[in-house]
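The following exercises are to be worked with the sequence and the coordinates at hand. Each task is followed by a solution in steps.

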Amino acid sequence: MTTLQIGDAAPNFKSLDEAGNTISLADYKGKKLVLFFYPKASTPGCTVEACNLSDNYSRFTAQGYDVLGVSADSAKRQSNFKEKYGFPYPLLADEDKTVINAFGVWGPKKFMGKEYDGIHRTTFVIDEAGVIEDIILKVKTKEHTGQILK
């Protein structure tokens, strides 16, 4: 779906998280970032994926990674999602799809025979210099940490 490739500079973004804080790519300069896009907060697959990353958060931080989730949900919905499951990382409430479109993860999808536009579940691993070092298009929600930390 995305036209971004490994080796490309990650799009510079600025958006609000679930608590109304402004977060940008520049905030992660000098750190590695796992930027994961998911279709909808509190749905089964998204919950499994976000919990898998949360349960393994100490493994990410031990290897110098920060984690950041993104969906088009409202700040309130993101806040409820984060609070319910105790996620240790921020969730961007990208309602206007600025970040989603910058990374090219919005587009046509099929589910149960119906076509609609939505977020394609995609994860970008970004290095300390802001360069994309991995793109995971076929996310395995239950094993996502293993896909990232190989």
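The exercises below concern a predicted model and treat its sheet, a hairpin and its salt bridges in turn.

**Exercise 1. Determine the strand order of the open sheet of 5 strands, and identify which strands stand at the edges.**

Step 1. The order across the open sheet is 5-4-3-8-9, and the pairing is mixed.

Step 2. Strand 5 (91–93) and strand 9 (132–136) each have a single partner strand, so one side of each is without a neighbour in the sheet; these are the edge strands.

Step 3. On average, neighbouring strands of this sheet are turned by 20 degrees against each other, direction ignored.

Step 4. At one end of the order, helix 3 (residues 75–85) lies across strand 4 (65–71) and strand 5. The angle between helix 3 and strand 5 is about 160 degrees.

**Exercise 2. Describe how strand 8 pairs with strand 3 and with strand 9.**

Step 1. Strand 3 (residues 32–37) pairs with strand 8 in the antiparallel sense, over 5 bridges. Within this pairing, Val34 is opposite Val125 of strand 8.

Step 2. Strand 8 (residues 122–126) also pairs with strand 9 in the antiparallel sense, here over 4 bridges. Phe124 faces Ile135 of strand 9, and Ile126 faces Ile132 of strand 9.

Step 3. The connection between strand 8 and strand 9 is a hairpin with 5 residues between the strands. In its turn, Gly130 has a positive phi of about 85 degrees.

**Exercise 3. Sort the residues of strand 8 by the way they point, and decide whether they are buried or exposed.**

Step 1. In a regular strand, side chains alternate between the two faces of the sheet.

Step 2. In strand 8, Thr122, Phe124 and Ile126 point one way, while Thr123 and Val125 point the other way.

Step 3. Residues on both sides of strand 8 are buried. The count for the strand is 5 of its 5 residues, and strand 8 is thus mostly covered.

**Exercise 4. Analyse the hairpin of strand 6 and strand 7, and locate the nonpolar patch that includes Met112.**

Step 1. Strand 6 (residues 106–111) and strand 7 (residues 114–119) are antiparallel partners over 6 bridges. Pro108 is placed opposite Asp117 of strand 7.

Step 2. The hairpin has 2 residues between its strands, and Met112 in the turn has a positive phi of about 50 degrees.

Step 3. Met112 has a relative accessible area of 73% and is therefore exposed, since exposed means over 50%.

Step 4. Met112 forms a nonpolar surface patch with Phe111 and Tyr116; together they have about 380 Å² of accessible area.

**Exercise 5. For three salt bridges, state which elements they link and how accessible the partners are.**

Step 1. Side chains of opposite charge can pair when their charged atoms come close. The whole structure contains 7 salt bridges, among them the three treated below.

Step 2. Lys82 and Glu18 form a salt bridge at 3.1 Å, N to O. Lys82 belongs to helix 3 and Glu18 to the loop between strand 1 (14–16) and strand 2 (22–24), the two residues being 64 residues apart. Glu18 has 13% relative accessibility and counts as buried, because the cut-off for buried is under 20%.

Step 3. Asp66 and Lys31 form a salt bridge whose closest N and O atoms are 3.6 Å apart. Asp66 is in strand 4 and Lys31 in the loop between strand 2 and strand 3, 35 residues apart. Asp66, with a relative accessible area of 17%, is buried, whereas Lys31, with 40%, is partly exposed.

Step 4. In the salt bridge of Glu49 with Arg121, the closest N and O atoms are 2.6 Å apart. This pair links helix 1 (residues 44–55), which holds Glu49, to the loop between strand 7 and strand 8, which holds Arg121, across 72 residues. Glu49 is buried at 0% relative accessibility, and Arg121 is partly exposed at 21%.

Step 5. Finally, Lys40, Asp73 and Arg77 are joined into one network by salt bridges that share partners.

Definitions and conventions: Residues numbered from 1 in each chain as written. Predicted model: local features only at pLDDT ≥ 70, side-chain atom pairs only at ≥ 80, totals over all residues. Heavy atoms only, no water. Pairing = 2+ DSSP bridges. Axes fitted to C-alpha atoms, helices over the stretch in contact; angles between N-to-C directions. Contact = heavy atoms within 4.5 Å. Buried < 20%, exposed > 50% of the residue type's maximum accessible area, 1.4 Å probe, protein only. Patch = residues over 30% accessible without salt bridge, like charges linked within 9 Å, V, L, I, M, F, W, Y side chains within 5 Å. Areas by Shrake-Rupley, 256 points an atom, 1.4 Å probe, with all protein chains shown as cover. Salt bridge = Lys/Arg side-chain N within 4 Å of Asp/Glu carboxyl O.
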